[in-house]
Amino acid sequence: MKWDESPVIVTVAPVGAEVTRDNHPRVPYTPEEIAASSLEAIAVGAAVVHLHAREPDGTPSGDPALFAEAIQLIRKTSDAIIMVSTGGAVWMTIEERTRSLETNPDMCSLETGSMNFGDDLFLTSRPDSITSAKMAYARGITPEIELFDVGHAVAAARMLREGHLRAPLNVNLVLGVPGGIDPEPEAISALLRPLPDNVRWSVTAIGRHQRRLLALAVLMGATGVRVGFEDNVYLRKGQRAGSNAELVSDICGLIKEVGRRIASPQEARNLLCISKEN
Ligand code: KMH
Ligand code: ZN
């Protein structure tokens with residue numbers, strides 16, 4: 001299939017670990033709120049949900065029961081792909097971060113290296129990354145590698161060569177986290193350069209260049225793009241989005257505007273080879 005014939009997989013990241021209700025009063029916290037916000041986003045075009053969990057007061061959590069409740073509610077009415085985070089929050093241990101794998105998701109995010117994350121350290125040693133990948137594959141969960149900087153792509157390519165990761169690899173290029181690669185057009189090719197040609201890649205961009213960079217990614221043939229409160233609460237400069245669904249709807253409009261289609265959950269499953277067994 002030519003690059004522009006393949007539909008674009010839109011991922012919604014409705015909550016993350018850093019954004020709070022001080023940033024936006026509608027950031028979902030409880031499993032019910034996270035599921036409801038995800039389902040609204042799925043209804044307008046999201047095919048993948050990238051999930052974090054929160055305590056009822058908004059504190060990020062690795063508690064599998066909180067993940068499981070949100071997942072169960074989403075799956076009741078949707079076949080969207082469920083991806084749990086194993087990145088968690090910067091202060092979590094790798095054990096806390098990987099408890100989300102106990103919840104039978106379709107996919108998980110996976111870090112292949114460490115970085116400064118704003119003023120914090122976000123640490124993932126190579127042995128922890130290898131162990132997390134092993135845990136995911138053992139449960140039939142497909143990893144998506146989060147590439148915040150070029151070294152993470154180099155490390156992922158090495159893990160692939162050594163058999164710790166399986167081809168074709170799914171990666172998400174994350175542009176603009178302070179401490180990671182900067183949100184510039186060249187960042188896309190810099191992060192893809194160390195990886196094999198058959199990599200399936202999506203793009204996440206933090207901050208004011210988000211729409212432009214996602215449009216560029218779509219025109220460069222990206223497999224997918226990601227939006228949601230985890231990455232940005234603004235639609236435009238000074239204009240906060242009303243909801244995760246509004247961010248998804250906006251990016252779907254942009255994708256269609258530049259001539260590509262939106263992947264349904266089933267098309268996304270076919271493109272990423274994710275069965276519905278879960
Ligand atoms: N909250 C960040 C420290 C992931 O989900 O894998 C890590 C993160 C990446 O959100
Ligand atoms: Zn995340």
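**Figure 1. Residues surrounding ligand 1 in the predicted model**. The shell around ligand 1 comprises 15 residues, of which Glu-18, Ser-85, Gly-88, Ser-109 and Glu-111 come nearest. By residue class, this shell divides into five nonpolar, six polar and four charged members. The space that ligand 1 takes is the largest pocket.

**Figure 2. Polar contacts of ligand 1 with His-50, His-52 and Gly-88**. A polar side-chain atom of His-50 is placed 3.1 Å from an oxygen atom of ligand 1. For His-52, a polar side-chain atom likewise lies 3.1 Å from an oxygen atom of the ligand. Gly-88 contributes through its backbone: one of its polar backbone atoms is 2.8 Å from a nitrogen atom of ligand 1. On its own, ligand 1 has 300 Å² of accessible area, and the protein covers 98% of this.

**Figure 3. Coordination of the zinc ion (ligand 2)**. The zinc ion is coordinated at 2.1 Å by NE2 of His-50, NE2 of His-52 and OE of Glu-230. Along the chain, these donors follow the spacing H-x1-H-x177-E. The pair His-52 and Glu-230 links distant parts of the chain, the two residues being 178 residues apart. His-52 belongs to the loop between β2 (48–51) and β3 (53–54), whereas Glu-230 belongs to the loop between β12 (224–227) and β13 (234–236). Both histidines also have a polar side-chain atom 3.1 Å from an oxygen atom of ligand 1.

**Figure 4. The cis peptide bond between Ala-167 and Pro-168**. In general, most peptide bonds are trans. The bond from Ala-167 to Pro-168 is cis, with an omega near -10°. Pro-168 is located in the loop between α5 (150–161) and β10 (170–175).

**Figure 5. Backbone conformation at Asn-104**. Most residues other than glycine have a negative phi. Asn-104, a residue other than glycine, has a positive phi, near 65°. The loop that holds Asn-104 runs between α3 (94–98) and β6 (107–111).

Definitions and conventions. Residues are numbered from 1 along each chain as its sequence is written. Chains are lettered from A and ligands numbered from 1 in the order in which they are written. This is a predicted model: local features need pLDDT of at least 70, side-chain atom pairs count only at pLDDT 80 or more; totals for chains, interfaces and linings use all residues. Side-chain values use heavy atoms; hydrogens and water are left out. A residue is near a molecule or strand if one of its heavy atoms lies within 4 Å of it. A polar contact is a pair of N or O atoms within 3.5 Å; within protein, one must be able to donate a hydrogen and the other to accept it, and residues adjacent in sequence count only if both atoms are side-chain atoms. Accessible areas come from the Shrake-Rupley method with a 1.4 Å probe; for residues, only the protein chains shown count as cover. On a 1 Å grid over the protein atoms alone, a cavity is a set of points where a 1.4 Å probe fits but cannot get out, and a pocket is an open set with protein on both sides within 12 Å along at least five of seven lines; lining residues have an atom within 4 Å of a point. A molecule sits in a cavity or pocket if more than half of its atoms lie within 2 Å of its grid points. Ala, Val, Leu, Ile, Met, Phe, Trp, Tyr, Cys and Pro count as nonpolar, Asp, Glu, Lys and Arg as charged, and the others, Gly among them, as polar. Donors are N, O and S atoms within 2.8 Å of the metal (3.2 Å for Na, K and Ca); water is not among the atoms, so sites may look incomplete. Helices (H or I, at least four residues) and strands (E, at least two) are DSSP runs, numbered from the N terminus.
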